[in-house]
Amino acid sequence: MDVYELLTSPARRVGFYTAAIGREAVPRCVWRQRKQRVFEEVARKGLDGESRARVNYYNRLMAGTQIGVAPPLSEVPRKKSYYYFDLRRDALHFEPDLRLHTLFGDVKYVPDLPSVVKSRPIGPNNANSVLLKLNRLRHYQLHRDPVPFEKKRPHAVWRGAVHNDIRRLLIEAHGTRLDHDVGHVGGRQAIGAPKGWLSVRRQMDFRYILSVEGNDVATNTKWIMWSNSICLMPEPRFETWFMEGRLEPFVHYVPVAKDFSDLDERIGWCEDNPREARRIVANAKAHVASFTNRSRETLIAVLVLQKYFECTGQLEPEPFSSAIFD
């Protein structure tokens with residue numbers, strides 16, 4: 001970890017909790033009034049197509065969904081505080097007696113009851129997994145990349161803990177190479193000696209950065225796609241608020257096999273097709289940019305929760321609901 005990251009990580013955590021405590025101190029009537037103003041504007045102007053699509057992508061519940069026994073918002077568990085305060089950022093707009101299931105942490109399955117989660121399996125049968133932008137401090141830190149694509153080292157880089165089969169396969173295939181800088185920092189399935197930690201800034205010196213799923217999604221996908229490097233990764237199996245399920249191979253990223261046997265072939269294709277490579281970088285950055293408007297992100301999240309409470313019969317539909325919610 002470089003000096004910048006060492007200095008900013010504690011500062012980000014302090015800032016996160018300071019902002020969270022500040023939001024809790026705001027009178028509830030202020031949040032209700034804010035939601036009312038936003039909803040009046042949505043009723044008057046409607047919602048742009050992309051925001052509407054995102055609301056219904058995150059929340060695929062249908063009217064009449066059974067909620068079972070769920071705690072009220074005022075009693076949501078606080079054990080994973082990063083998740084709790086990220087939920088509160090949006091849930092403060094609603095009455096505290098509304099009931100909500102939550103599953104905090106790395107979730108790789110679809111729950112039996114409709115639950116707010118950070119991550120879910122990609123696929124058509126995941127409606128009970130309602131996505132919100134949780135664990136933002138870890139997953140949504142973007143970094144400025146000062147190095148143009150053409151001036152980067154034409155090799156691949158990866159650092160991370162090896163705690164699953166796919167990361168072990170990566171180390172087995174490429175961990176001892178001298179051209180690529182692929183190495184681990186430990187983990188229960190680690191093989192061979194660990195390599196030193198490599199900061200984000202140093203990883204961005206490489207033209208190709210590998211993104212490999214860990215407990216669920218790969219944490220580095222967002223900052224890689226915001227950089228001037230190409231994201232190399234196997235087809236994702238899980239998704240978050242970032243909508244990994246929408247990412248297209250050779251559009252937003254360059255796909256590699258699950259055993260990474262075609263890594264050199266994929267890099268060779270990029271080197272032989274620089275125009276296409278730059279297009280992929282541009283498309284990736286455009287995808288990330290769609291998540292950087294704070295007001296829009298809040299609106300979408302509040303609508304995701306509104307749909308949850310309407311579909312579970314806890315709130316009457318808003319005047320705009322039939323036009324926005326699928």
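## Exercises on pockets, a sheet and one threonine

Leaving aside residues up to four places away in sequence, Thr65 touches Pro114, Cys311 and Thr312 (contact means heavy atoms within 4.5 Å). This is a predicted model, in which local features need pLDDT of at least 70 and side-chain atom pairs count only at pLDDT 80 or more, while totals for chains, interfaces and linings use all residues. Residues are numbered from 1 along each chain as its sequence is written, and side-chain values use heavy atoms, with hydrogens and water left out.

**Exercise 1.** Work out where Thr65 lies and whether it is buried or exposed.

*Solution.* Start with the address: Thr65 belongs to the loop between helix 3 (49-58) and helix 4 (helices are DSSP H or I runs of at least four residues, strands E runs of at least two, numbered from the N terminus). Next, check the surface: the relative accessible area of Thr65 is 16%, so it counts as buried (under 20%; exposed is over 50%, partly exposed in between, with a 1.4 Å probe and protein chains only). Last, look at the side chain: one of its polar atoms sits 2.6 Å from the backbone oxygen of Met62.

**Exercise 2.** Lay out the five-stranded open sheet and find its edges.

*Solution.* Write down the order, 6-5-7-8-10, with parallel pairing (a pair needs at least two DSSP bridges). Now the ends: strand 6 (181-184) and strand 10 (254-255) each have a single partner strand, so one side of each has no neighbour in the sheet. Then go inside. Strands 5 and 7 run parallel and share three bridges; Arg153 has Phe206 of strand 7 as its bridge partner. Strand 7 (residues 206-210) is also joined to strand 8 by three bridges, again parallel, and here Ile209 has Cys231 as its partner.

Finally, the faces of strand 8. In a regular strand, side chains alternate between the two faces of the sheet. In strand 8 (residues 230-233), Ile230 and Leu232 are on one side, Cys231 and Met233 are on the other, and all are buried, so both faces are covered.

**Exercise 3.** Describe the largest pocket, then do the second largest.

*Solution.* Take the largest pocket: its volume is about 920 Å³. Of its 36 lining residues, Arg138, Trp197, Thr219, Asn220 and Trp223 are the closest to the centre. Two or more lining residues come from each of helix 1 (3-25), helix 4 (81-91), helix 5 (136-139), strand 5 (153-160) and helix 7 (200-203). Helix 1 gives the most, five residues. Sort them by class and you get 14 nonpolar, 13 polar and nine charged.

Now the second largest pocket, at about 750 Å³. Here 26 residues form the lining, and Arg89, Lys133, Arg136, Tyr140 and Arg294 are nearest the centre. The elements giving two or more residues are helix 1, helix 2 (28-45), helix 4, helix 5 and helix 11 (294-311). Helix 1 supplies the largest share, five residues. The class count comes to nine nonpolar, six polar and 11 charged.

For reference, a pocket is an open set of points on a 1 Å grid over the protein atoms alone where a 1.4 Å probe fits, with protein on both sides within 12 Å along at least five of seven lines; a cavity is a set from which the probe cannot get out, and lining residues have an atom within 4 Å of a point.

**Exercise 4.** Find how many cavities of 30 Å³ or more there are, and what lines the largest.

*Solution.* Count: there is one. The largest cavity has a volume of about 60 Å³. Its lining includes Ser211, Glu213, Thr221, Met233 and Phe238. By class, the lining splits into six nonpolar, two polar and three charged residues.

Notes:
Points joined across faces, edges and corners; volume = space filled by probe spheres on them. Nonpolar A, V, L, I, M, F, W, Y, C, P; charged D, E, K, R; others polar. Polar contact = N/O pair within 3.5 Å; in protein donor to acceptor, adjacent residues only side chain to side chain.
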